[in-house]
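Here are a few exercises to work through with the model open beside you. Try each one before reading its solution.

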Amino acid sequence: MVDLEWDDGLAVITIDRPQARNAIAPETMEQLHTALDGARGATALVVKGAGDRAFVSGGDLKQLAALRTEEDAAAMARQMRSVCDRIVQFPAPTVAVLNGHALGGGAEFATAADIRLAAADIKIGFNQVALEIMPAWGGAERLVGLVGYSQALLLAGTGTILEAPEAHRLGLVDRVLPRESFDDDWRAIARKLAHRAAGEIKRVMKGASTDEAVAAFARLWVSDEHWAAADKAMNRAK
């Protein structure tokens, strides 16, 4: 159900359930935890769905229909929240690659990443209200941080489904990429993020102190990677 691929320092986690539009079942949650364990040490992390029809279509209703008590529903919500929280807290840059539609819980899963890259023909929406429920995996709170309180309430409260360009205009999606070059484009962006400096930039942006920010810069300044890059730049200038 969940695959982990390494591309140098880039870890790519793929939910591989195309027959279920990459919907998340209880076993998927367990396998996502395992994949995140395996991705430790990555210099960037990508989460995506298999195929080109769905990123994640939400929870797998056929399997989650067995949850009939408040206790069971709460346990499921906490389990998937913990997956999303691990993505939020991942130390390196994280990217949700929206290869297909991201609906309901799929939109929540996407907002756990630092950056969302979308194919031009996808749709995204917090449409849980169509089932008379609400976002359960922390996505409502994260949506407020992305688009603001009133816009978030309007989107999630009405279940509005957005085309990629509109989602980009509102700040829910960070980059819209052509479908015909999507796989090459998202991987090129993710690879550019998969280096030590980007991870330090993320840490500082998350709220490092002045001393921590200066120390991070100083560590990078004395690194072999910095001087190799600096030598190349100086040689080009000559």
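Contact here means heavy atoms within 4.5 Å. The model is predicted, so local features need pLDDT of at least 70 and side-chain atom pairs pLDDT 80 or more, while totals for chains, interfaces and linings use all residues. Residues are numbered from 1 along each chain as its sequence is written, and side-chain values use heavy atoms, leaving out hydrogens and water.

**Exercise 1.** Find what histidine 168 is in contact with, leaving aside its neighbours within four places in sequence.

Start with its place: histidine 168 lies in helix 7, residues 164-170 (helices are DSSP runs of H or I, at least four residues, and strands are runs of E, at least two, numbered from the N terminus). Next, list the partners: Val173, Asp174, Arg175 and Val176. Finally, histidine 168 is partly exposed, because its relative accessibility is 39% (buried is under 20%, exposed over 50%, partly exposed in between, with a 1.4 Å probe and protein chains only).

**Exercise 2.** Work out whether aspartate 8 is buried or exposed, then do likewise for asparagine 22.

First, the backbone: most residues other than glycine have a negative phi. Aspartate 8 isn't a glycine, yet its phi is positive, about 55°. Asparagine 22, also not a glycine, has a positive phi of about 55°.

Now locate them. Aspartate 8 sits in the loop between strand 1 (2-7) and strand 2 (10-15); asparagine 22 is in the loop between strand 2 and helix 1.

Last step: aspartate 8 has a relative accessible area of 73%, so it's exposed. Asparagine 22 comes out at 0%, so it's buried.
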